[in-house]
Amino acid sequence: MSREQKAPSRAQQSRRAARELAVQGLYQWQMTGKSITAVEAEFRSQLPDDDLENHENWLKVMEIADLALFHELLHNVARYRADLDASIAPLLDRRLEDIDPIELAILRLGSYELSHRLEVPYRAVINEGVELAKSFGATDGHKYINSILDKLASRLRSAEVSARRR
């Protein structure tokens with residue numbers, strides 16, 4: 001018997017939108033070298049563009065996003081980048097510098113949530129990372145994200161992971 005998937009709640013949609021914006025903002029920050037504050041200001045000052053699909057239109061995503069969460073994720077991933085990278089690097093099969101920039105942004109975001117947002121279940125963090133990789137990453141990037149975040153969850157949240165696997 002298959003379980004029916006229920007539609008995400010408004011709060012879940014709002015958090016997902018915040019994560020989508022954060023990944024795009026982190027990517028922009030990584031690629032341009034602009035300050036994280038300047039990146040956030042660009043996102044918040046977007047003008048409507050009716051030629052874009054809703055999910056590509058930052059303004060439309062901003063309308064439903066949890067903006068406090070977006071701010072927290074964007075600024076704290078940038079603030080803790082060195083620590084996040086140090087937690088990710090040993091789990092990689094290549095150098096951190098060789099990771100696709102979108103996948104690196106997703107891994108940093110997932111690492112931040114696993115280490116600093118303990119109220120978010122580790123499985124939700126992994127699932128969100130996978131969904132972000134499916135939306136923004138390379139064709140099979142979601143598999144890599146899943147693998148790395150799963151290993152990281154085992155290290156950072158061993159008690160939670162062990163309890164779930166029993």
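Which residue's side chain meets that of Glu-119 in a salt bridge? The partner is Arg-117, with a distance of 3.1 Å from N to O. A salt bridge here is a side-chain nitrogen of Lys or Arg within 4 Å of a carboxyl oxygen of Asp or Glu.

Before going further, a word on the model. This is a predicted model, in which local features need pLDDT of at least 70 and side-chain atom pairs count only at pLDDT 80 or more, while totals for chains, interfaces and linings use all residues. Residues are numbered from 1 along each chain as its sequence is written, and side-chain values use heavy atoms, with hydrogens and water left out.

**The overall picture**

The chain holds nine helices and zero strands; helices (H or I, at least four residues) and strands (E, at least two) are DSSP runs, numbered from the N terminus. Of its 166 residues, 43% are buried, where buried means under 20% relative accessible area, exposed over 50%, and partly exposed in between (1.4 Å probe, protein chains only). About 9600 Å² of the chain is exposed, and carbon and sulfur atoms supply 48% of that area, as computed by the Shrake-Rupley method with a 1.4 Å probe. Among contacts (heavy atoms within 4.5 Å) between residues at least 6 apart in sequence, 70% join residues at least 24 apart.

**The nonpolar core**

A nonpolar core is a set of buried Ala, Val, Leu, Ile, Met, Phe, Trp, Tyr and Cys residues joined through side-chain atoms within 4.5 Å. The largest one has 48 residues, and Leu-21, Leu-26, Phe-70, Leu-92 and Leu-107 have the most contacts inside it. Helices that supply at least two residues each include H1 (10-32), H4 (67-79) and H8 (141-156). H6 gives the most, with eight residues. Leu-26 makes a good place to look: beyond its neighbours within four places in sequence, Leu-26 is in contact with Ile-36, Leu-74, Val-77, Ala-105 and Leu-109.

**One side of H2**

Ile-36 is also one of the buried residues of H2, together with Val-39, Glu-40 and Phe-43. These residues lie on the same side of H2, because they cover an arc of only 95 degrees around the axis, taken from the directions from the helix axis to the C-beta atoms. An α-helix has 3.6 residues a turn, so residues three or four places apart point the same way. The cover over the buried residues of H2 includes H1, H3 and H4.

**Charged residues**

In total there are 15 salt bridges. Three of them are set out here.

| Salt bridge | N to O distance |
|---|---|
| Arg-44 and Glu-40 | 2.9 Å |
| Arg-95 and Glu-97 | 4.0 Å |
| Glu-119 and Arg-117 | 3.1 Å |

Arg-44 and Glu-40 are about one helical turn apart, because four residues separate their positions in H2. Glu-40 is buried at 8% relative accessible area, whereas Arg-44 is partly exposed at 41%. Glu-97 counts as exposed, at 59% relative accessibility.

The opening pair also combines two settings: Arg-117 is buried at 9%, and Glu-119 is exposed at 57%. Both belong to a network of salt bridges that also links Arg-16, Arg-19, Glu-72, Glu-113 and Glu-128.

Asp-85 is another charged residue to visit, in helix H5 (residues 81-88). Asp-85 counts as buried because its relative accessibility is 11%. Beyond its neighbours within four places in sequence, Asp-85 is in contact with Leu-96, Leu-104 and Arg-108.
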